[in-house]
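Biologist: Could you take a close look at one strand for me and walk me through its surroundings? I'd like the neighbours, the packing and the ring contacts in one go.

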Amino acid sequence: MAVNLVNVENVSKVYGTRALLDGVSLGVSEGDRIGVVGRNGDGKTTLIRMLAKLEEADTGRVTHSGGLRLGVLTQHDSLDPTATVRHEVIRDMADHEWAGNAKIRDVLTGLFGGLDLPGFPQGLDTVIAPLSGGERRRIALAKLLIEEQDLVVLDEPTNHLDVEGIAWLAKHLRERRSALVCVTHDRWFLDQVCTRMWDVQKGDVYEYEGGYSDYVFARAERERIAATEEAKRQNLVRKELAWLRRGAPARTSKPRFRVEAANELIKDVPPPRDSSELMKFASSRLGKTVFDLEDVTVQAGPKVLLKHVTWQLGPGDRIGLVGVNGAGKTSLLRAMADAARSEGETQPAGGRVTVGRTVKLAYLSQEVAELNPNTRVLEAVQQVRERVDLGKGREMTAGQLCETFGFNKEKQWTPVGDLSGGERRRLQLLRLLMDEPNVLFLDEPTNDLDIETLTQLEDLLDGWPGSMIVISHDRFFIERTTDRVFALLGDATLRMLPRGIDEYLERRRRMEEAVAAAATPAAEKPAPERSAADQRAAKKELQKIERQLDKVSERETKLHAQIAENATDFAKVAELDAELRELGGQREELELRWLELADDA
């Protein structure tokens with residue numbers, strides 16, 4: 001029988017006149033992996049802080065089992081700014097001692113990309129004070145994970161991690177013996193790690209068995225039975241459930257909830273997007289040309305991030321952009337945005353970006369735009385426009401769109417200066433959409449947004465008729481809102497990935513294995529005997545593959561042009577896109593063979 005680690009008994013917490021938690025009773029046992037969800041401000045962080053005894057309850061009590069070893073990651077670290085990374089994470093362990101510990105090696109590699117902490121100026125001996133908030137957070141997480149605990153409590157652990165880091169953290173937590181309570185808006189992460197869910201809503205906490213997919217189904221079923229008046233919210237839950245059941249194979253191949261009941265609940269829910277209708281509408285708004293990149297080189301200072309990139313963003317394209325930190329994702333968007341703002345006068349370091357005449361770009365950057373702190377939320381939106389056309393006959397007033405993004409009538413009169421970071425992020429996105437753009441660049445749009453707001457945003461984007469590029473570490477959001485994924489793998493190229501983020505992670509893993517193999521001392525490597533004839537044959541095949549790769553690239557460029565020319569002929573576009581995907585597979589096979597032969601030639 002599982003040992004009970006924490007008991008929460010009839011706990012209440014009031015801030016001002018608002019009851020965040022009202023008579024809540026919960027328990028955490030050995031082996032539990034609990035995900036905590038709910039709207040921003042509804043009490044998720046307060047709940048886990050009381051669970052960890054970092055905050056006192058107004059009434060009720062929280063009890064821990066005797067000798068409980070507890071590890072907590074809060075949103076604000078307690079690292080010593082004068083200390084080094086080595087002192088905070090590894091303490092007084094000798095190099096041979098920590099380097100011989102497989103768990104420590106795994107944590108350092110998983111969170112920092114290597115034992116020497118690439119990206120930190122002095123590696124482990126880097127002083128903490130000048131580091132960014134994201135770097136400090138990874139240090140705090142590493143410090144926690146190398147220790148042994150009975151219970152780990154994490155508040156937004158995926159913040160500031162890239163796709164690879166999140167995948168590593170999910171695997172690490174699945175393999176740990178310690179129980180887990182985790183607040184996060186990353187739905188893919190919740191599905192991978194959690195076996196129970198707590199939904200914090202209006203003072204209550206609802207418990208569900210299973211991960212995020214199970215929770216979506218159970219909540220939709222509960223709301224259907226209860227016949228709540230929140231019809232709009234109910235429909236969004238059913239829509240998300242429909243996407244989970246019909247979407248990515250990784251989710252639909254192993255559902256833990258009752259498949260028959262789920263299918264019955266969504267039988268009348270259409271697919272999230274009518275792609276052909278949206279592409280038709282987008283073409284009428286944008287014409288044939290949106291963004292054409294020809295032989296483009298992108299630099300950040302002296303560093304070349306991308307070389308000789310030829311690529312097109314066509315009408316109605318929905319592109320997810322992933323890649324290693326520093327590979328140039330944001331720099332690529334900035335180069336395209338600069339060309340759009342200057343009507344082609346500003347160009348990248350090399351090549352040319354051609355922008356369609358009708359392009360109206362909205363760019364959500366990672367920095368939150370500054371607004372007059374005395375301006376009210378509704379006024380800030382109305383400054384852009386009073387009403388917005390969302391396409392397909394949908395129109396909203398500024399006030400209605402505010403409510404969609406979680407600003408109720410009372411909150412709409414709050415001064416901008418009193419908003420939280422997440423609320424300012426929502427307001428920034430809201431103002432962009434209010435301007436009726438036909439091209440969206442979204443750079444980490446999910447930062448600081450709760451799950452309910454994310455589903456609202458996804459619903460808006462489902463019917464939004466335009467072209468879109470999304471950079472995000474939120475795998476669920478990319479898979480949900482985009483149709484194709486491109487990757488920057490750190491080799492100055494841009495590649496389409498037919499199998500999406502799974503393929504990206506596989507490629508990155510192979511690249512890391514190749515680097516590790518190359519770093520192995522020659523004495524440790526078996527030295528196969530190869531004749532001069534074998535080497536000549538390898539060189540000949542290499543040259544042949546290089547010619548084939550050139551032909552594939554030429555054909556891909558022509559296909560992109562044909563897709564743009566036939567944007568309104570959806571049967572033709574589908575045929576061309578299928579050929580493009582097939583070429584992507586051929587390219588990958590040729591590149592893998594080229595890598596195999598390169599060492600032998």
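Modeller: Here's a tour of strand β17 and then of the aromatic rings. Keep in mind that this is a predicted model.

Strand β17 covers residues 439-443. Five of its five residues are buried, so the strand is largely enclosed by the rest of the structure. Neither face is left open: Val-439, Phe-441 and Asp-443 are buried on one side, and Leu-440 and Leu-442 are buried on the other.

Now for the strands it pairs with. β14 (residues 361-364) runs parallel to β17, with four bridges between them, and Leu-364 has Leu-442 as its bridge partner in β17. β18 (residues 467-471) is also parallel to β17 and is joined to it by five bridges. There, Leu-440 stands opposite Met-468. To get from β17 to β18, the chain passes through helix α17 (residues 451-462), making a right-handed β-α-β crossover.

Phe-441 deserves a stop of its own. Its ring pairs edge-to-face with that of Tyr-363, at 6.0 Å centre to centre and 80 degrees between the planes. Since Tyr-363 sits in β14 and Phe-441 in β17, the pair ties together parts that are 78 residues apart in sequence. Both Tyr-363 and Phe-441 are buried.

Phe-441 also belongs to the largest nonpolar core, which has 73 residues; it is listed among those with the most contacts inside that core, along with Phe-291, Trp-311, Phe-405, Leu-427, Ile-469 and Tyr-504. Helix α13 (residues 329-341) gives the most to this core, namely seven residues. Take Phe-291: beyond its close sequence neighbours, its contacts include Trp-311, Met-336, Ala-340, Val-439 and Phe-441. So Phe-291 touches β17 at Val-439 and Phe-441, if you want a handle for browsing the packing. Apart from this core lies another, of 50 residues, with Trp-98, Leu-111, Leu-154 and Tyr-215 among them.

As for the rings overall, the count comes to seven aromatic pairs. One of them is Tyr-208 with Tyr-215: the centres are 5.2 Å apart and the planes meet at 75 degrees, so this pair is edge-to-face. Tyr-208, at 8% relative accessibility, counts as buried, and Tyr-215 does too, at 3%. Ring pairs also link Tyr-208 and Tyr-215 with Tyr-212 and Phe-476 into a cluster. One last ring contact involves a charge: the charged end of Arg-426 sits over the ring of Phe-407, 5.1 Å from its centre.

Key: Residues numbered from 1 in each chain as written. Predicted model: local features only at pLDDT ≥ 70, side-chain atom pairs only at ≥ 80, totals over all residues. Heavy atoms only, no water. Phe/Tyr/Trp six-rings, centres within 6.5 Å; stacked < 30°, edge-to-face > 60°. Buried < 20%, exposed > 50% of the residue type's maximum accessible area, 1.4 Å probe, protein only. Helix = DSSP H or I, 4+ residues; strand = E, 2+ residues; numbered from the N terminus. Lys NZ or Arg CZ within 6 Å of the ring centre and 35° of its normal. Core = buried A, V, L, I, M, F, W, Y, C linked by side-chain atoms within 4.5 Å. Contact = heavy atoms within 4.5 Å. Pairing = 2+ DSSP bridges. Right-handed = clockwise from strand over helix to strand, strands pointing away. Lists of a residue's contacts leave out its neighbours within four places in sequence.
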